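Thanks, everyone, for making the time this morning. I would like to walk you through one structure, and please have the sequence and the coordinates open while I talk.

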Amino acid sequence: VVSERFAPCRRNGDAAALRAALEVALDMTVGAEGDESSGEKVFGARRALRCSRLDLPGLCDRYMRAVSSARLAFLSRASPRNADPAELAMEVSAWDLVKTLWGDEPGGAPAGSAADRHRRRAGVGAWLRKQSAKNGAASDDGVAAKVATGAFVAATRAAAASGNPRLATLIAQGGCGGAGGELASAQLHSWRGGAVETYVPASVSSVLGVLAGEVAPPRADLFVRDWRVNFGLHVWHGASPTATIARVLDGYLDAVADGAAARPDAPGFTPTDERNARDSALPSVPIDARADRLKETCFNLLVLFSTGAALSSCETIAELRKMFHPLTYCAADLANAAFAWHVFGALRASAALGDGPEVERLGDDLAVRFACQLDGFDVFGDTGDSLAEWTVFVLMHVADGPRRADAARAALHRRCAEWRTDERKKTFLVENAGVPRAWLEDAEARFLKFHATRYDVSS
């Protein structure tokens, strides 16, 4: 994986938020198939998340509620350097997009059908409108800005209120998939190059240009803030109403390659200099222009949905690994693997990632990295909180039996002082994490032997 910037900090995150998300995962965790008989006795009972496409929307909602409530409480009491509100917003929007792209409804259209594709695209449009509203774009007074961000109702009302009922009708037709785009294109064609163009207000021509699909590049007066607003232009105005998400995404990537659309850069690359944003509709970022650099996690989810579960080639697997890189959802913390592990488990359980050996290996790597993050919480250290049992719980999701056993037993030995006198933790390790009781006994025996001068082991 290409590391594109130095990220030295290791904040670990908030213990309450991490525990809340892990409790959601625990409720959906079962013993993995194929680990019975002697393998389970030697390597422990592997854990795995079980979630169907029908269960996925509820799971995503639970993740959003758990992480939001816990981390918002943390932000109100902790030092700002220990948490980043932008990371919370990124995770919430990503879970919302996962629900939209892969979640099914009871009695819904069959997967892959025309009705299903239309529902997914409409869902993506609604998701993009929410993102634009969060960024303050939908509250802009300009009719063109409202049209650009998909706020068709507000744009129609604003046009009617300004005394332009014809424009309001055109916007309404374009917003409901009618002939508004074709009519706008024809009107612009008749105006341009003639004397009438001089008398047409710039705001009206801007609205008609958006409705006509002139979005690559977008007009400078639209002030496109990020790739989400820019991609929304392509979804609502640049592509046919019947085009799939994959086709819209292909067109957008072509525009990015031509320099006519905003790059979906990872959080650390988002420009913060407002002067750059005012100078251009597509703010330039003073970094390397390699096309393979890391992209934001929500854009990666759109790409993953468009690609499907056909993940076999080495090139595709390499791209998949970059999709779950920590720097795709946080700005400067390479040790933050929590979100990647949770979303990977949900996508894999819902058959969105396939089940090849490379995908399994990636899941194991994410589990080990997340366990290392949890291992940073030490009841005897600065945090004053222990997540030792959750560290072992995550490690028991590793599919490689020997690796799972070695890593889990090492964690038990290393953190023995934190669980050996806590019956609740010991019960959790055996019943929920699937740890053989013999592992606990061995770890405790080694601990007492090593600390024989400190503890009474005569009995």
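I will take the cysteines, then the nonpolar core, and then one pair of packed helices.

Please keep in mind throughout that what you are looking at is a predicted model.

Let me begin with the cysteines, where the count of disulfides in the structure is zero. C51, for instance, takes part in none, and the cysteine sulfur nearest to it, which belongs to C60, lies 7.3 Å away, whereas a disulfide would need the two sulfur atoms within 2.5 Å. C51 counts as buried because its relative accessibility is 3%, and C298 counts as buried as well, in this case because its relative accessibility is 0%.

Turning to the nonpolar core, which residues in the largest one touch the most other members? That core has 124 residues, and the ones that stand out in this respect are I171, F231, F324 and L347. If we set aside residues up to four places away in sequence, F324 touches A340, V343, F344, L347, L353, L362 and L366, and also R369.

Finally, the helix pair. Helix α12, residues 245-257, and helix α14, residues 297-307, have axes that come within 9 Å and cross at roughly 125°, and α12 is therefore described as oblique to α14. On the α12 side the contact is made by I245, A246, L249, Y252 and L253, and on the α14 side by F299, L302, V303, F305 and S306. As for handedness, α12 and α14 cross in a left-handed sense.

Notes: Residues numbered from 1 in each chain as written. Predicted model: local features only at pLDDT ≥ 70, side-chain atom pairs only at ≥ 80, totals over all residues. Heavy atoms only, no water. Buried < 20%, exposed > 50% of the residue type's maximum accessible area, 1.4 Å probe, protein only. Core = buried A, V, L, I, M, F, W, Y, C linked by side-chain atoms within 4.5 Å. Contact = heavy atoms within 4.5 Å. Axes fitted to C-alpha atoms, helices over the stretch in contact; angles between N-to-C directions. Helix = DSSP H or I, 4+ residues; strand = E, 2+ residues; numbered from the N terminus. Parallel < 35°, antiparallel > 145°, perpendicular 65-115°, else oblique. Left-handed = near helix turned anticlockwise from the far one by under 90°.
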